[in-house]
Amino acid sequence: MKELSLNILDVAENSVKAGATLTQILIEEQGDTLTLTFKDDGCGMSEEIVKSVIDPFYTTRTTRKVGLGVPLLKLAAEQTGGSLTVNSKTVEDFPDDHGTEVCATFYKNHLDFTPLGDVIASVTTLIQGHPDTDFLFSHKTENGEVALDTRELRTVLGDVPLDTYDVIKWIEEYLKEQYSEL
């Protein structure tokens, strides 16, 4: 993918499909590294599925036989000298503490580092497309942090759906404002 923000969209969609009620998208930039972590409380994956999830020829989709999201993220990280890990606990084995964590580390000064891209568009697209799912977004840099938690928005908005045009535009402007201060 041309931008990591597209990987963010793809991997977070997997969390939603796994039944997650909360998907955390955490970006941390420190020195020459960028770490992208996804945490969810979805149904989780068995050890066998975790081992095969980085295989581009494995997918749970029925519409096509190839799943490229996590393998492409892994490739993008490894091309910079970084790595990708996937840890998961199934709801069957861990009924009170289940879900998946995908963590990719990139070296930003490497020639093959993929730019972050339009993270704001990815986050707003996820919220608009899945207004009943909660998202916690955090992007920490050495200059500060950009953050958004839809659970806090729900508290303030009450019955107003998150996919309402005015709410989505506010989220977009709120994130832009925070990025402008970094």
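Lys and Arg count here as positive and Asp and Glu as negative, while His and the chain ends are not counted. On that basis the chain, which is a predicted model, carries 15 positive and 32 negative side chains, and the centres of the two sets lie 6 Å apart. The chain holds six helices and six strands, and the points below move from its overall build to its nonpolar core and then to individual helices and residues.

**Overall build**

- Read along the sequence, the helices and strands follow the pattern α-β-β-α-α-β-β-α-β-β-α-α. The radius of gyration of the chain is 16 Å, close to the 16 Å that the globule rule gives for 182 residues, so the chain is as compact as a globular protein of that length.
- Along its principal axes the C-alpha trace spans about 40 × 40 × 30 Å, and buried residues account for 43% of the 182 residues.
- Of the contacts between residues at least 6 apart in sequence, 62% join residues that are at least 24 apart.
- The accessible surface amounts to about 10,000 Å², with 51% of that area belonging to carbon and sulfur atoms.

**Nonpolar core**

- In soluble globular proteins, nonpolar side chains tend to be buried together.
- In this chain the largest nonpolar core has 39 residues, of which Ile25, Leu36, Leu73 and Phe106 touch the most other members.
- Once neighbours within four places in sequence are left aside, Leu73 is in contact with Leu4, Asn7, Val11, Leu36, Phe38, Leu84, Val102, Ala104 and Phe106, a list that includes Leu36 and Phe106 from the core residues just named.

**Helices α1 and α4**

- Helix α4, which covers residues 119-129, has Val119, Ile120, Ser122, Val123, Thr124, Leu126 and Ile127 as buried residues.
- The cover over these buried residues of α4 includes α1 (4-17), β1 (22-30), β5 (134-141), β6 (144-149), α5 (150-157) and α6 (165-180).
- Ala12 is placed in helix α1 and, because its relative accessibility is 0%, counts as buried.
- Leaving out residues up to four places away in sequence, Ala12 touches Thr23, Ile25, Phe38 and Leu126; of these, Leu126 is one of the buried residues of α4.
- Ala12 and Ser138 are 126 residues apart along the chain, and their C-alpha atoms are separated by 14 Å.

**Buried residues at β5 and β6**

- Thr133 lies in the loop between α4 and β5, and with a relative accessible area of 9% Thr133 is buried.
- Beyond residues up to four places away in sequence, Thr133 touches Val16, Ala20, Thr21, Thr23, Thr150 and Arg154, and Thr23 is also among the residues touched by Ala12.
- Asp149 is found in strand β6 and is buried, its relative accessible area being 12%.
- When residues up to four places away in sequence are not counted, Asp149 touches Phe135 and Leu136.

**The loop between β2 and α2**

- Gly44 has its place in the loop that runs between β2 (33-40) and α2 (47-52), and at 15% relative accessibility this residue counts as buried, because the cut-off for burial is under 20%.
- Gly44 and Ser88 are 44 residues apart in sequence, yet the distance between them in space is 5.4 Å, taken from C-alpha to C-alpha.
- Ser88 is also one of the residues that Gly44 touches, together with Lys89, Thr90, Gly99 and Thr100, residues up to four places away in sequence not being counted.

Conventions:
Residues are numbered from 1 along each chain as its sequence is written. This is a predicted model: local features need pLDDT of at least 70, side-chain atom pairs count only at pLDDT 80 or more; totals for chains, interfaces and linings use all residues. Side-chain values use heavy atoms; hydrogens and water are left out. Helices (H or I, at least four residues) and strands (E, at least two) are DSSP runs, numbered from the N terminus. The radius of gyration is taken over C-alpha atoms; the globule rule is 2.2 Å times the number of residues to the power 0.38. Buried means under 20% relative accessible area, exposed over 50%, partly exposed in between (1.4 Å probe, protein chains only). Contact means heavy atoms within 4.5 Å. Accessible areas come from the Shrake-Rupley method with a 1.4 Å probe; for residues, only the protein chains shown count as cover. The place of a charge is taken as NZ of Lys, CZ of Arg, CG of Asp or CD of Glu. A nonpolar core is a set of buried Ala, Val, Leu, Ile, Met, Phe, Trp, Tyr and Cys residues joined through side-chain atoms within 4.5 Å.
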